[in-house]
Structures are given as structure tokens and as C-alpha cells.
Amino acid sequence: MPGQIAGATAGTAAFPAVPLQETVLLPERIGELTGLDGFGLGGELLATFLAAFLIGNLMLAMTGVAGPWAKRKITAAFTDRIAVNRLGPAGLFIIIADAVRLLSKELVVPENADRPAYDLAPIVVASSALLGFAVIPMGNGIHLADPEVGLAYVFAVSGIASLGLVMAGYASANKYSLLGGLRAVAQNVAYEIPLVVTGMSVVIFAGTLQMGEIVSAQAEPFVTIAGISIPSWYALVNPFAFVLFLVANFAEVGRNPFDTPEAPTEIVAGYQTEYSSVYFVLIYLGEFLHIFLGGAIIATIFLGGPAGPVLPGIVWFIIKIWAVFFATQWLRSAVPRVRIDQLIEIGWKGLLVLAFANLILTAVIVGLIA
Amino acid sequence: MIGILKSMATTMKHALDGSTFTVEYPETAPDVSPRFRGVHKFSQERCIWCRQCENVCPNDTIQIVTNDQRQGEQYNLHIGQCIYCRLCEEVCPVDAILLTENFEFTADTKHDFVYNKEQLKAVPWYKDIDPLAAREPDRGAWVGEGDGEVDYQ
Amino acid sequence: MSTGLERGGQPPIEVTEDDLEALIGDRALARDDHMNAPGFVIRPDDVQSVLTDLRDEAGFDHLANLTAQEYADRYESIYHLRKYDDPTQEVSVVVPTTTDDPVSQSAEPVFRTADWHEREAFDLVGIDYEGHPDPRRILLPETWQGHPLSRGYDQEKPQLVTLTEHANPVQPDHHDDESDTMFLNIGPHHPATHGVLHIETVLDGETVVDVDPDIGYLHRCEEQMCQQGTYRHQIMPYPDRWDYVSAGLLNEWAYARTAEDLADIEVPEYAQVIRTMGAELCRIASHMLALATFALDVYGDFTAIFQYGMRDREVVQDILEDLTGQRLMFNYFRLGGVAWDLPEPREEFIEKTRDFLDELPAKVDEYNDLLTGNEIFQIRTHDTGILEPEVAKQYGCTGPVARGSGIDYDLRRDDPYGYYDNLEWDVVTEDGCDNYSRVLVRMQEVEESAKIIEQCLDLLEDWPEDERTVQSNVPRTLKPDADTEIYRAVEGAKGELGIYIRSDGTDKPGRFKIRSPCFHNLSALPEMSEGEYVPDLIASLGSLDIVLGEVDR
């Protein structure tokens with residue numbers, strides 16, 4: 001049964017006023033509103049497309065704000081600088097200026113580039129992240145689809161990005177790109193497993209892979225202190241798993257201290273060394289989309305999805321994924337990059353072991369309680 | 001782990017206190033020390049055309065043209081080539097050439113940086129500061145000349 | 001007074017000139033004493049045996065410099081030797097060769113650092129070194145015609161090199177079916193080379209198998225420019241431009257010390273105190289930049305540490321600007337003193353400098369929190385870029401690089417100049433020999449410099465007003481006696497910055513040779529990084545704190 005009404009259970013949870021989850025998914029609602037649902041399969045498809053278009057643009061708009069503007073502002077705050085402030089209020093119009101600047105640059109393609117792969121890589125990187133948002137419940141009924149294997153799906157599509165990275169690295173015919181591509185693959189393989197295994201410990205709690213269900217399950221009260229009931233967000237129920245997942249996620253999206261695939265001071269820019277203009281924009285967007293997708297997964301399976309007091313669900317959801325983005329920038333300001341061999345070692349010898357330990361412990365504890 | 005958290009706390013402290021060390025140029029002009037050395041200013045009234053500045057200049061930035069009575073005709077200074085060592089000011093016996101604090105000068109081509117004496121005269125003071133007071137060199141060393149060989153040109 | 005300045009361990013053995021004469025014996029053809037050291041003229045085929053004896057029997061383990069020059073009737077290579085234990089003990093080995101056939105035995109088997117030195121001597125002057133393992137040009141392109149510092153060199157002659165002849169250093173195809181290594185050009189344009197440096201690297205996976213620094217991109221003929229300037233005025237602006245990242249006064253001091261000793265010029269004590277203070281301010285600025293860029297290399301991107309380092313260096317630069325009138329290219333020292341007294345009002349300047357010193361400990365704590373205390377930083381830098389002390393000595397490493405390898409060598413104490421021997425401070429050494437030790441040495445040297453500045457300020461504040469002489473009386477034209485030769489060095493921010501000057505009786509030097517610490521430190525890079533990973537190579541390069549302007553001169 002897709003999308004149990006969370007609003008009903010929310011009456012007993014912490015934030016009773018706001019319905020967390022709607023039964024109706026976004027495509028159906030759009031179908032209803034526009035009357036497209038009367039046109040059979042074609043209408044349904046069109047409604048789905050419209051919904052996907054909306055969500056895709058929402059995410060792209062967020063990366064648009066994050067990349068040229070927020071990243072600069074946040075980094076500047078950490079490093080005692082001012083950053084963009086000339087164009088528009090707080091320099092916000094720099095987004096437009098940057099977009100025009102980047103898109104109007106010459107697209108330089110290396111002579112020996114492996115053409116189809118070289119051209120496809122940026123699209124693969126950017127689109128794989130966008131695909132992931134399809135199953136993320138963002139609150140206020142903004143939820144494209146809620147398949148029963150939602151969590152597995154989201155890990156699967158975000159994993160496609162490594163393919164894009166290795167394509168970019170190999171097809172650029174540049175040694176730095178090659179090194180970066182290889183590093184990216186080694187890193188993604190090493191951290192994908194702890195990521196998924198830690199995700200599984202959540203599944204043990206929730207008893208389902210369906211994203212909507214996982215969010216609903218977190219609305220249950222965890223403890224009640226002085227009349228305020230705290231919801232059983234899995235970050236609170238199992239903080240250890242949360243930290244593991246956070247670390248694995250930073251490695252998965254290649255952020256500090258695990259930004260070895262780009263490693264600007266070592267291998268210039270890694271897999272994206274030879275990309276310019278539109279292709280660069282796509283890769284750059286893709287990176288930010290991946291950070292936000294990582295944030296969305298964390299928000300969904302650990303932070304109660306769109307749940308939160310007073311504000312509408314979608315606002316809470318956006319706040320949560322921006323918090324994760326903010327954390328990546330914070331780490332970037334203060335934490336050194338680990339070396340590639342140390343990174344692999346941490347992944348295989350550290351995180352993997354801890355992830356399995358966490359999984360087994362969770363299973364035992366949940367089994368005992370049940 | 002403690003160290004990493006300490007690092008992160010340190011940067012967060014900076015983010016929260018909101019102070020910045022960069023300034024918004026040109027709205028906030030940087031402070032320039034009174035001794036700062038910028039573009040030259042030339043005074044033809046003072047100049048006695050002794051050519052000491054031309055001779056002391058380490059990289060031939062100054063070019064002086066005189067007529068056969070040793071009266072000055074041209075005084076050219078390539079401020080794009082100048083290394084701002086201030087030796088010309090230091091050797092000048094009459095303070096005819098000195099370096100203002102003016103550092104904001106532009107030109108479209110390198111050639112535009114060859115200033116003739118009219119342009120050099122027109123160089124403005126930076127914020128009306130006459131730098132000579134702050135830079136008062138110990139001219140005793142020059143005037144005294146020492147015991148060795150003296151080379152007056 | 002200087003209780004903090006005593007060297008630990010056994011006092012070094014004193015070698016008298018008679019001992020040296022006995023040691024070299026018949027191999028000495030004549031004496032050619034320099035102002036700083038006894039000089040022995042030897043035959044071109046005795047180089048290795050004499051240098052080996054001097055190193056092993058007499059303890060001259062530091063080949064500080066090699067100067068090559070051409071006279072009207074001969075070429076000459078001068079090996080300036082001194083001791084790491086006591087750099088005031090010096091000896092010069094002069095090796096003349098004929099003009100027709102300038103071949104001399106290579107000293108490379110005795111001192112590894114002779115490798116690069118002899119390449120430079122061949123490149124610029126044209127002396128061939130027999131038995132040199134790698135007799136290529138070093139500063140100029142492979143296709144360069146002639147040797148620019150030789151007498152017969154025609155400066156007007158255009159350097160015509162046809163396209164086919166032109167060897168592009170990044171071009172050659174290093175493809176090899178047999179091996180599974182990869183050739184990688186790091187630089188000349190790379191985010192972490194601190195300038196235009198090209199490192200030819202061979203990788204096996206991510207492991208560095210072979211490293212060959214290719215320098216010379218920033219060669220600006222500094223030595224020749226100094227040979228064309230007058231001692232009195234025209235040379236002083238140029239040392240600022242060797243190590244151009246805020247170490248200007250330290251460089252100027254190298255020239256001032258050499259020329260003052262050469263022309264026998266007294267420097268008033270008051271000026272020495274100002275010089276000492278200015279030089280230490282420069283050292284702080286330089287070390288701040290070294291720390292900041294090292295953080296950049298290890299952390300990646302523009303991290304907070306880089307910005308904080310820049311912010312703190314900015315304060316030092318403001319102070320230096322008040323004092324000297326310029327932020328980087330100071331031109332503040334003069335032969336026989338400094339250009340100006342402290343800026344008026346003095347109290348304000350002293351107050352400003354004191355404020356900086358007062359805030360420094362808090363800032364150092366902050367750096368410790370951010371940098372040395374960070375566990376990831378520790379695993380990144382511990383046991384990487386290992387430079388054993390014996391290897392460091394072979395390569396002529398000095399400065400924080402040598403002190404990070406436990407070599408207790410600091411010219412400020414061991415070959416005192418300025419006001420250093422009247423002040424209380426310590427020489428910092430660390431025994432780790434790795435990148436982490438070099439960072440620690442720099443951090444602690446900043447604190448030691450602050451101590452020195454503090455004491456200088458006290459002195460300056462109380463100095464009687466009528467004794468504030470900033471310059472002694474120096475003749476307007478200096479013409480040291482012909483054929484006087486001198487090598488003098490100071491402790492620059494990067495290490496032993498030495499200058500050799502031969503006067504030829506005119507008011508300009510006959511030969512002006514710069515002993516650049518960065519040049520020597522960089523030559524040890526292959527020893528430090530081979531067998532390690534690419535990121536360690538980058539970190540090691542950063543920890544050497546090279547400035548390409550000084551490497552290439």
C-alpha cells in the first residue's frame with residue numbers, strides 16, 4: 001500500500017499540525033488538477049512528465065543557488081572574507097552572471113578525446129543524481145514515485161555516477177583525468193558498500209525499503225521528555241549509524257576530506273580537467289546534485305524526511321538537505337584531504353567493518369526487542 | 001578525532017564572529033603608509049639637471065635630454081619599467097623628483113607609461129600627502145661624502 | 001648574554017691553515033686566499049681526492065657553493081667548503097682550467113649537491129665536468145647557443161633554433177610497451193608547483209618512481225644584472241626580487257653583509273638592531289606564507305588556514321610598509337646601514353609592532369588547532385618526505401629543511417652577524433626528518449623571531465636620541481681592490497643565502513654569484529619523494545618552501 005497517511009499517525013507524534021505524507025503522489029495530483037487523468041495512459045505519462053519537470057527544476061535551481069553563490073558565501077564566512085556582493089542583493093545576481101559566463105565560453109575538446117564517451121560523461125553524471133530524486137518524499141505531497149524498493153533504487157542510480165566519472169576520466173585523453181577517474185572508481189567502490197550496509201540498518205528498523213514508509217516510521221515517538229515527545233528519527237535512535245552514513249556519504253560524493261578524485265593541488269582537477277563550458281557546467285551541476293541527493297537520502301532515512309514543526313514539510317526538507325551541504329563546506333574549510341591509499345584503507349578496513357558491526361548489532365537489538 | 005573537531009570549531013568561530021579582513025576596494029581604500037612609494041612627481045623649477053637620478057637608476061628608467069648648454073629639454077620616465085627603488089629621490093640634491101604614494105594609475109598600452117615631464121608634473125598627491133616629510137632620509141650620509149673617492153659626475 | 005645560543009655537544013675540531021696545507025700537500029699548486037677563507041689552487045684532476053680528504057679528514061662536510069668564472073687566460077671553478085658544525089671554518093678550493101679545453105673533474109661523487117652546481121656552471125660559464133653523471137643544461141633551454149657568462153659570449157646574437165631542433169620538454173613520447181609505468185609532467189603550470197616549476201615524474205600507479213625537477217623557467221639573469229650595477233646603489237634593489245615572497249630584507253642583508261665586508265664598511269649598532277628586527281619580521285611573513293601554502297597543498301582548495309595565514313602576514317606587511325615604504329620590494333638596507341630610522345611617531349610604530357607580537361601566541365594556538373593538532377594532517381605528513389640528515393648534508397640543504405632533519409645549523413648563531421649574538425633566542429630543530437617536522441620547525445621559528453623582535457623593540461625604544469645613526473659615512477663610489485674575493489652568507493628564510501663577489505677594481509662586481517638555499521633544497525626533492533605517493537610528492541615540495549624566483553635567479 002503506497003504512502004500510508006502519515007498525517008493520521010502524526011496526531012500522536014511530535015508535530016501534529018502538519019501532515020507529513022500524502023497518499024496522493026505528485027503526478028496523480030497534477031493529473032487531477034489539470035484534468036489530464038481523463039486521457040488514459042497518455043495523460044498519465046504527461047502528468048508524470050510535468051511532475052518530474054517540476055522536481056528536476058527545483059533541484060537544479062537549488063544547485064544553481066548553491067554553486068555560484070552559496071558556496072562562495074559560506075567559504076568566505078569561514079575564511080573571514082566578504083565574497084560576492086556587487087550584483088544584486090547580497091550578490092545573488094552573480095548566479096545569472098556566472099551562468100551566462102560559463103555557457104558563453106568556448107567548448108574546448110581535446111584532440112584525442114574519445115568522442116561519444118567524452119560527450120556522454122557529463123550527462124551521465126548530472127542525470128544520475130536527478131534520477132535519484134524521483135523517489136524522495138519532500139513533503140506537502142511533492143513525491144514523484146514511491147516504489148517498494150525505493151531505497152535500493154536511490155543507491156543504484158546514484159551509483160551510476162561512477163560510470164560517468166570513469167568515462168570522463170578515460171575519454172579526456174589526459175593523464176590527470178585518468179588518475180582522477182581511477183581514483184573516483186576506487187573510492188566509490190570502497191564507500192558504496194559501507195553506505196548501503198549502513199542504509200540497511202535503517203531498513204531493519206523500518207521494515208521496508210519504501211521511502212514513504214521509512215519516513216512514516218520515523219514519525220513514531222521515540223521518547224517523551226517533559227511532555228515533548230521526540231520523534232524516532234533514526235539519527236537519534238542510532239546515532240552511530242548516522243555518523244557512519246554521513247562519512248560514507250561524503251566519500252561517495254567526493255567531498256572533503258575525501259575529495260581525492262578532484263584533488264586540485266595533486267591532479268589538477270581530476271576527471272574534469274579537460275571539460276570546459278557547457279560540459280563543465282553539467283559536471284559541476286552533477287556534483288552539487290549529488291551532494292543534495294546525498295543530503296536528501298540522509299534527510300529521508302535519518303532525519304525524518306520532511307518532518308518538522310510549524311513550517312511546511314518541503315521547507316523542512318530543503319533546510320535539512322542544505323544543512324548537509326553546509327556540512328560539506330564546513331569540512332572543506334577545516335579538514336585536510338586524506339591520501340588515496342589512506343582513503344581506500346579507511347574505506348575497506350574501517351568503515352566496512354564498522355558498517356557490518358552496526359548492521360549485526362542493530363539486527364540483534366531489533367530482534368531482541370521484537 | 002578531537003583534533004578534527006577542534007579544527008572545525010576554529011573555523012566555525014571565525015564564521016560566527018563575522019569579522020572580515022578583506023576590504024571592498026575601491027569604496028574602502030587601503031591605508032597607505034606615509035613612506036609608501038608610488039608614481040613619481042617631478043618639479044622642473046627645482047631640477048638642476050645634474051643627471052644623478054638618471055645615473056643612479058638601476059634599470060635605465062629615467063631619460064634626460066639636455067641641450068649643449070646643459071639646460072634641460074626633456075625628462076622622461078617609464079613608470080611601467082620602474083622598480084620603485086626610490087634611489088632617484090634619494091640622490092636628488094634638490095628634491096626635484098620624488099615618489100608620491102599614488103599607486104592607482106592605468107594605461108591602455110605599455111607605451112602610455114612613458115611619462116614626459118609635463119605628465120610627471122601633473123601627477124597628483126595621493127590624498128594630499130607630501131611624502132617627503134615621512135621619508136626624510138638621513139642626508140648627512142650623502143652630504144658628508146665620506147673619505148673615499150667622490151664621484152660628482 | 002646569549003645563554004640560549006650555546007650549541008650542544010662537542011665543540012667542533014679547529015682545523016688550522018697549517019693542517020690544511022699538510023693535508024692537501026703537493027696537490028696544492030698555489031695559494032689563492034679569499035677574504036673569508038684560505039684558498040688552495042689544485043689541478044683539475046685532483047678535485048675528487050682533495051675534496052674527499054677535506055670532507056673526511058678535516059670535516060668540511062658542507063659544499064656551500066660552487067662559483068665558476070672565466071678570466072682572460074683561464075676558467076676557474078671555486079668550491080666553497082664549510083662545516084655544518086662550525087660554518088666559520090671555511091676553505092676554498094680553486095680549480096683553474098685552460099681556456100681552450102675547460103675540462104675539470106666532477107665533484108659529484110663527493111658531494112651530491114655538486115650535481116646541480118656543475119650543471120649550472122656548464123650552462124652559464126661553459127666549463128665541462130668530467131665524470132658528471134648528467135651533464136645537461138639546467139637553467140637555459142637545451143637548445144641554447146653559447147654560455148652567457150663566458151667572456152666571448154655575444155649578447156647580440158639571436159638564439160635561432162629551428163622548430164625541429166627545438167626540444168619541447170613536455171613533448172617527448174615516453175611511451176614504452178615493456179614497462180607499466182606512466183610518465184607525468186607535473187608543471188610548468190600546475191596548482192601546486194609554487195611558480196613555474198616542471199617536475200618530470202614517472203609513476204607506477206600512484207607511486208612515484210622517478211622525479212626530475214626541471215628548473216629555469218624563471219631565470220632572469222639576476223647574477224648578470226648585479227654584475228652590471230654599482231656596489232653603492234644599484235645592486236641593493238635586486239636581492240628583493242630573488243626570494244620575492246616577503247623575504248626581501250633577509251636577501252638584502254646577504255648582499256649588505258658581503259659588500260660591507262668586501263669594502264670594509266662599518267655599520268652603526270643602531271642600524272644593526274633595526275636590520276635585525278626588519279629581517280625577523282620578514283622571516284615571520286615568509287614562514288606564514290610557507291605554512292599557508294603548505295596547508296593549501298595538503299588540504300586542497302582555498303582552506304581557512306591559507307586565508308588566516310594571509311591575514312596574519314598582512315599585518316606583518318603593514319608594519320614593514322610603515323618601516324620601509326614598500327610591501328615586498330623593500331630596498332631598505334643601504335651599505336653601511338638602513339635607509340631610514342623608524343617612522344615617526346616612533347611610539348605608534350613600536351606600539352603597532354608590539355600589538356602584533358602580543359596577538360601572535362593566540363594565532364599560533366589557532367594554527368596548532370587547525371594544523372598540527374589535526375589527526376588527518378598528522379597522518380598525511382608523518383613519515384612522508386623523509387630526508388635523513390646525512391642526505392640533507394650531501395645535498396647542501398640548509399634552513400628549516402635542514403633543521404627539520406635534526407641538523408643544528410643556523411648562521412644567525414653559528415656565523416653571527418647583525419645583533420643576533422646579543423639577543424636571547426633559540427635555534428629550533430626537530431628530529432622527525434619528515435614533512436611534519438618541517439612544519440613544526442617553521443611554526444616554532446615564528447615564535448623565536450617574535451622573541452627577537454620583542455628584544456629589538458625594547459632596545460630601540462630606549463636608544464638615546466642622539467645616538468640614532470642609521471647609516472655610516474660611506475663613499476659615494478665604492479671601488480674595492482681588484483681581485484678581492486669573498487663569500488658571505490646569511491640565514492635567509494629558506495636557508496643559507498650566500499653571495500660570492502670578486503671585485504675587478506671598478507665600481508661594479510667582476511663576478512657576482514648567488515648561493516640560493518631553495519636551489520639546494522629543491523635538488524633533494526627526488527630523495528624525499530621517490531617511492532611515495534603523488535600527494536606526498538606534492539606535500540614534500542610544499543614543505544621545502546621553494547620560491548622559483550630564487551631557484552632560477
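Is Asp264(C) buried or exposed? Select Asp264(C) and look around: it counts as exposed, with 8 C-beta neighbours inside 10 Å. The scale behind that word: a residue is buried if 20 or more other C-beta atoms lie within 10 Å of its own, exposed if 12 or fewer, and partly exposed in between, with C-beta atoms placed from the backbone.

Before moving on, a note on what is on your screen. This is a predicted model, in which local features need pLDDT of at least 70 and side-chain atom pairs count only at pLDDT 80 or more, while totals for chains, interfaces and linings use all residues. Residues are numbered from 1 along each chain as its sequence is written, and chains are lettered from A and ligands numbered from 1 in the order in which they are written.

**Stop 1: around Asp264(C)**

Stay with Asp264(C) and check its backbone: phi is near 55 degrees, a positive value in a residue other than glycine. Asp264(C) sits in the loop between helix H5 (248-263) and H6 of chain C. Helices (H or I, at least four residues) and strands (E, at least two) are DSSP runs, numbered from the N terminus.

Now select residues 269-299 of chain C to light up H6(C). This helix has 31 residues and reaches 44 Å from its first C-alpha to its last, close to the 45 Å expected at 1.5 Å a residue; the expected span is 1.5 Å times one less than the number of residues. H6(C) is mostly covered, with 29 of its 31 residues buried. Step past its end and you land on Gly300(C), whose phi is positive, near 85 degrees.

**Stop 2: H16 of chain C**

Next, select residues 534-544 of chain C, which form helix H16. How many of its 11 residues are buried? The count is 11 of 11, so to speak a mostly covered helix. Among the buried residues you can click through are Val534(C), Pro535(C), Leu537(C) and Ile538(C), and also Asp536(C) and Ser540(C). Asp545(C) follows H16(C), and its phi is positive, near 55 degrees.

**Stop 3: an annotated span in chain C**

Select residues 41-158 of chain C. UniProt lists this span as "domain: NADH:ubiquinone oxidoreductase 30kDa subunit", in an unreviewed entry. UniProt positions are given in the numbering used here, feature names are shortened, and annotations may be inferred rather than shown by experiment. The end C-alpha atoms of the span lie 37 Å apart, and the span is 18% helix and 30% strand.

**Stop 4: chain B**

Colour chain B by secondary structure and you should find 5 helices and 5 strands. From the N terminus on, they run α-β-α-β-β-α-β-β-α-α. Buried residues make up 27% of the 153 residues in this chain.

Two backbone details deserve a click. A cis peptide bond joins Tyr25(B) and Pro26(B), with omega about 5 degrees; Pro26(B) lies in the loop between H1 and strand S1 (40-42) of chain B. Then go to Arg51(B), in the loop between S1 and helix H2 (52-56) of chain B. Its phi is near 70 degrees, a positive value in a residue other than glycine, and Arg51(B) is partly exposed, with 14 other C-beta atoms within 10 Å.

**Stop 5: where chain B meets chain C**

Show chains B and C together. Here 34 residues of chain B are in contact with 31 residues of chain C, contact meaning that the C-beta atoms of two residues, placed from the backbone, lie within 7 Å. Helix H1 (2-17) and helix H5 (140-144) of chain B each supply at least two residues of the side that touches chain C. H1(B) gives the largest share, 7 residues. That side of chain B divides into 15 nonpolar, 9 polar and 10 charged residues. Ala, Val, Leu, Ile, Met, Phe, Trp, Tyr, Cys and Pro count as nonpolar, Asp, Glu, Lys and Arg as charged, and the others, Gly among them, as polar.

**Stop 6: a helix crossing in chain A**

Finish with H3 (40-78) of chain A and helix H12 (residues 277-302) of chain A. Their axes come within 9 Å and cross at roughly 105 degrees, which makes H3(A) roughly perpendicular to H12(A). The axes are lines fitted to C-alpha atoms, for helices over the stretch in contact, and angles run from 0 to 180 degrees between N-to-C directions. Angles under 35 degrees count as roughly parallel, over 145 as roughly antiparallel, 65 to 115 as roughly perpendicular and the rest as oblique. For the contact, show side chains including Met59(A) and Leu60(A) of H3(A) with Tyr284(A) and Phe288(A) of H12(A). By class, this contact has 9 nonpolar, 2 polar and no charged residues.
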